[in-house]
Amino acid sequence: MADATIDPTLGPVLARTGDERAVLESFLDFHRAILLRKVRGLSHAEASRRLVPSLTTLAGLLKHLALVERNWFPALFAPGPDDVYLTTEEEAVASFTLDPGETVETLAAAYAAACARSREVAARFDLDHVVPHPQLGEVSLRWVLIHMVEETARHAGHADILRELTDGETGAL
């Protein structure tokens, strides 16, 4: 018998008896969606306001995670001419730094597009598919998906806190 308190629209709940790939992808998509929901309804000024000593802002999280998506999926598994794996500290700082002309809307759209491209790239490979990594030697798609669940969930947690500090809105979703 199903627990009536569980929201069946949540991807991880729907995939609770799915295969490994379905579970990994549903958790990753769940956390991707949380980040986008955390910026919904905010002005660019609110989303880019620094509330902690680091460069972390809601808008900066969108920009950073779009880069992370590009780094771990297209750049490793299906690189095009413009896909370069970024590894320096300067590049990491820049991934949180907003450029003139960037808005919360354009950053959210770029993040959604990066996630869609990542899904498209990942769908071409088995979980056991291994690719060279510039720092780690080799990584499998399985490892990358698990890493991305961890990375995205961690930053979704940051977004929870930043949204609460911005306008008092709370909740995991």
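User: In this predicted model, in which loop does Val-84 lie?
Analyst: The model is a predicted one. Two helices flank the position of Val-84, namely α5, residues 74-77, and α6, residues 89-94. Val-84 therefore belongs to neither helix and is assigned to the loop between α5 and α6.

User: Is Val-84 buried or exposed?
Analyst: The exposed class begins over 50% relative accessible area. Val-84 has a relative accessibility of 54%, so the residue counts as exposed.

User: Which residues are in contact with Val-84, leaving aside its neighbours within four places in sequence?
Analyst: Asn-71 is 13 residues from Val-84 along the chain, and their C-alpha atoms are separated by 7.4 Å. Contact is judged on heavy atoms within 4.5 Å. With neighbours within four places set aside, the residues in contact with Val-84 are Asn-71 and Ala-75.

User: Where is Thr-56 found, and is it buried or exposed?
Analyst: Thr-56 lies in the loop between α3 (44-47) and α4 (58-72). A residue counts as buried under 20% relative accessible area. The value for Thr-56 is 16%, so this loop residue is buried.

User: Which residues does Thr-56 touch, not counting those up to four places away in sequence?
Analyst: Tyr-111 is 55 residues from Thr-56 in sequence, and the two C-alpha atoms are 16 Å apart in space. Tyr-111 does not appear among the residues that Thr-56 touches, which are Leu-61, Phe-96 and Leu-162.

User: How does Ser-48 count in terms of accessibility?
Analyst: Ser-48 is located in the loop between α3 and α4. The range between buried and exposed runs from 20% to 50% relative accessible area. At 24%, Ser-48 falls within that range and therefore counts as partly exposed.

User: What is the C-alpha distance between Ser-48 and Leu-61?
Analyst: Beyond four places in sequence, Ser-48 is in contact with Thr-57, Ala-59 and Leu-98. Leu-61 is absent from that list. Ser-48 and Leu-61 are 13 residues apart in sequence, and their C-alpha atoms are separated in space by 9.6 Å.

User: In what order do the elements of the chain run from the N terminus on?
Analyst: The chain has eight helices and two strands. Both strands come after a run of helices, and a helix follows them, which gives the order α-α-α-α-α-α-α-β-β-α.

User: How compact is the chain for its length?
Analyst: For 173 residues the globule rule gives 16 Å, and the radius of gyration of the chain is 17 Å. The two values are close, so the chain is as compact as a globular protein of that length.

User: Which residue in β2 is the bridge partner of Val-131?
Analyst: Strand β1 (residues 130-133) and strand β2 (residues 137-140) run antiparallel and are joined by four bridges. A hairpin of three residues links β1 to β2. One of the bridges pairs His-133 with Gly-137. The bridge partner of Val-131 is Val-139.

User: What percentage of contacts between residues at least 6 apart in sequence join residues at least 24 apart?
Analyst: Of the 173 residues of the chain, 41% count as buried. Among contacts between residues at least 6 apart in sequence, the share that joins residues at least 24 apart is 74%.

User: How far apart are the mean positions of the positive and negative charges?
Analyst: The chain exposes about 9,200 Å², and carbon and sulfur atoms supply 59% of that area. The chain carries 16 positive and 26 negative charges, and the distance between their mean positions is 3 Å.

Terms used:
Residues are numbered from 1 along each chain as its sequence is written. This is a predicted model: local features need pLDDT of at least 70, side-chain atom pairs count only at pLDDT 80 or more; totals for chains, interfaces and linings use all residues. Side-chain values use heavy atoms; hydrogens and water are left out. The radius of gyration is taken over C-alpha atoms; the globule rule is 2.2 Å times the number of residues to the power 0.38. Buried means under 20% relative accessible area, exposed over 50%, partly exposed in between (1.4 Å probe, protein chains only). Accessible areas come from the Shrake-Rupley method with a 1.4 Å probe; for residues, only the protein chains shown count as cover. Lys and Arg count as positive and Asp and Glu as negative; His and the chain ends are not counted. The place of a charge is taken as NZ of Lys, CZ of Arg, CG of Asp or CD of Glu. Two strands pair if DSSP finds at least two bridges between them.
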